[in-house]
Amino acid sequence: VMGGNHTQPKFILLGITDSPCAQALLFGLFLLIYIVTLVGNMGIMVLAWVVPSLHTPMYFFLTHFSFVDICYSTVISPKMLADLLSESTTISFVGCAIQFHLFAFFATAECHLLAAMAYDRYVAICKPLLYVPLISSHVQRRLVALSYLLAFLSAVVYTSCTFGGSFCGPNRIDHFFCDISPVLKLVCSDTRTSETVIFAFVLINTVGTSTIILVSYTCILHAVLRMRSAQSRSRAFHTCTSHFTAVSLFYGTIFFMYLQPASSHGSLDKVASIIYTVVTPMLNPFIYSLRNKEVKGALAKCMRRMLNLL
């Protein structure tokens, strides 16, 4: 996959800031965010496994979504945290390519899982009588497997296009992880073909999945507005707006990062990257679950059970 003439065995990650004071503050903040991300997402996975009332398609997708959040946060955060405390912020060529490949895989899987979850909500609200046959366990497993397969194939393309050129000059990556734009800036050979292929794949993955999400939510909104009861209207609306907030944040930053020409990347890139690599995985458990009565009830039940055991 890697190919290319990479005479440069190591890269130096320049990170977020070179101010020692800011680095110490960011270390504390990002460590806290990473711990909350792990605890929140693992908590959802455990709850969905142990509480029978959560053995539904929605929570089946959500456990995979939480798993992907944990993974892609773990691909970025530990290295970033170590670099904030360390003098040496080098990463080997292979390490850099692996980090990017895993990041691309999990980020793309997240797009496809979001689309699967939007489709699940659409069927539940707009076609409730067909819900069982349309979202059977067989269909759920297929949708998740397809999300991972498409993500894997896309990640192979992204990685081979990003790391397949010749690296013969500077080795300083102006970023806190190995991402497409800062790595391609170090390639000596012509990168126009690679950039075009990457752009096309990002376009297919993000626009394809966000279209499914938008269409699903438009249909849901239409169905919600036709509901007789104000209570069920507000409940459905509440769920959809919180999901839509998470989706907008994730896609907004990804569109900003990957659907602009390489020449226009600037100082805002790191801020956008922090939002979708660090902040969004932490917010997702709160947005998707903790504002949900079923999850709150399951959490309370588990707490009571644990207290009884003590």
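What follows is a dialogue on how to read a predicted model, feature by feature.

User: Before I look at any detail, what average pLDDT does the protein chain have, and what share of the residues score at least 70?

Analyst: Start with the general caution: where pLDDT is low, the predicted coordinates should not be read in detail. Here the protein chain averages 87, and 94% of the residues score at least 70.

User: Which elements have the lowest and the highest mean pLDDT?

Analyst: Helix α10, residues 293–309, has the lowest mean at 78. The highest mean, 96, belongs to α5.

User: Let's move to the cysteines. How many disulfides are there?

Analyst: The working rule is a pair of cysteine sulfur atoms within 2.5 Å. That gives two disulfides. One joins Cys96 to Cys178, with 2.0 Å from S to S. The other is formed by Cys168 and Cys188, and their sulfur atoms are also 2.0 Å apart.

User: Where in the chain do Cys168 and Cys188 sit?

Analyst: Both are in loops: Cys168 between α5 (137–163) and β3, Cys188 between α6 and α7 (192–225). They are 20 residues apart, and the pair links distant parts of the chain.

User: And what is the handedness of the link between Cys96 and Cys178?

Analyst: Look at the angle about the S-S bond: it is -120 degrees, and the link is left-handed. This pair links distant parts of the chain too, with Cys96 in helix α3 (residues 93–126) and Cys178 in the loop between β3 (172–173) and α6 (180–184). The two cysteines are 82 residues apart.

User: What is the pairing if I number the bonded cysteines in sequence order?

Analyst: You get 1-3, 2-4.

User: Are these cysteines buried or exposed?

Analyst: Take each one by its relative accessibility. Cys96 and Cys178 are both buried. Cys168 comes out at 47%, so it counts as partly exposed. Cys188, at 40%, is partly exposed as well.

User: Why is Cys126 not bonded to Cys219?

Analyst: Because the sulfur of Cys126 is 5.6 Å from the one in Cys219, its closest cysteine sulfur, and that is too far for a bond. Cys126 itself is partly exposed, at 24% relative accessibility. For contrast, look at Cys21: this one is exposed, with a relative accessible area of 55%.

User: Next, the sheet. What is the order of the strands?

Analyst: In general, strands of a sheet pair through backbone hydrogen bonds, either parallel or antiparallel. This one is an open sheet of three strands, ordered β2-β1-β3, with mixed pairing. β2 (90–92) and β3 are the edge strands, each pairing on one side only. β1 and β2 run antiparallel and are joined by three bridges. β1 (residues 10–13) and β3 run parallel, with two bridges between them.

User: Which residues stand opposite Ile12?

Analyst: In β2 the residue opposite Ile12 is Thr90. In β3 the one opposite Ile12 is Arg172. Moving along β1, Leu13 stands opposite Ile173 in β3.

User: Which residues make up the covered face of β1?

Analyst: As a rule, in a regular strand the side chains alternate between the two faces of the sheet. In β1, Phe11 and Leu13 form the covered face, while Lys10 and Ile12 are on the uncovered one.

User: How should I read helix α3? How many residues does α3 have, and how far does it reach?

Analyst: Compare the span with the one expected at 1.5 Å a residue. α3 has 34 residues and reaches 49 Å from its first C-alpha to its last, close to the 50 Å expected. Of those 34 residues 26 are buried, so α3 is largely enclosed by the rest of the structure.

User: What does the largest nonpolar core contain?

Analyst: Look for who has the most contacts inside. This core has 92 residues, and Phe11, Phe30, Phe103, Phe163, Cys178, Tyr276 and Tyr288 are those with the most contacts. α3 supplies its largest share, 19 residues. Zoom in on Phe30: leaving out residues up to four places away in sequence, it touches Ile16, Met80, Leu81, Leu84, Ile274 and Val278.

User: Last one: is Gln140 buried or exposed?

Analyst: Gln140 has 9% relative accessibility, so it counts as buried. It lies in helix α5. With the same sequence neighbours left out, Gln140 touches Pro57, Phe60, Phe61 and Ile135.

Key
Residues are numbered from 1 along each chain as its sequence is written. This is a predicted model: local features need pLDDT of at least 70, side-chain atom pairs count only at pLDDT 80 or more; totals for chains, interfaces and linings use all residues. Side-chain values use heavy atoms; hydrogens and water are left out. Helices (H or I, at least four residues) and strands (E, at least two) are DSSP runs, numbered from the N terminus. Buried means under 20% relative accessible area, exposed over 50%, partly exposed in between (1.4 Å probe, protein chains only). pLDDT is the predictor's confidence in each residue, from 0 to 100. Two strands pair if DSSP finds at least two bridges between them. The expected span of a helix is 1.5 Å times one less than its number of residues. A nonpolar core is a set of buried Ala, Val, Leu, Ile, Met, Phe, Trp, Tyr and Cys residues joined through side-chain atoms within 4.5 Å. Contact means heavy atoms within 4.5 Å.
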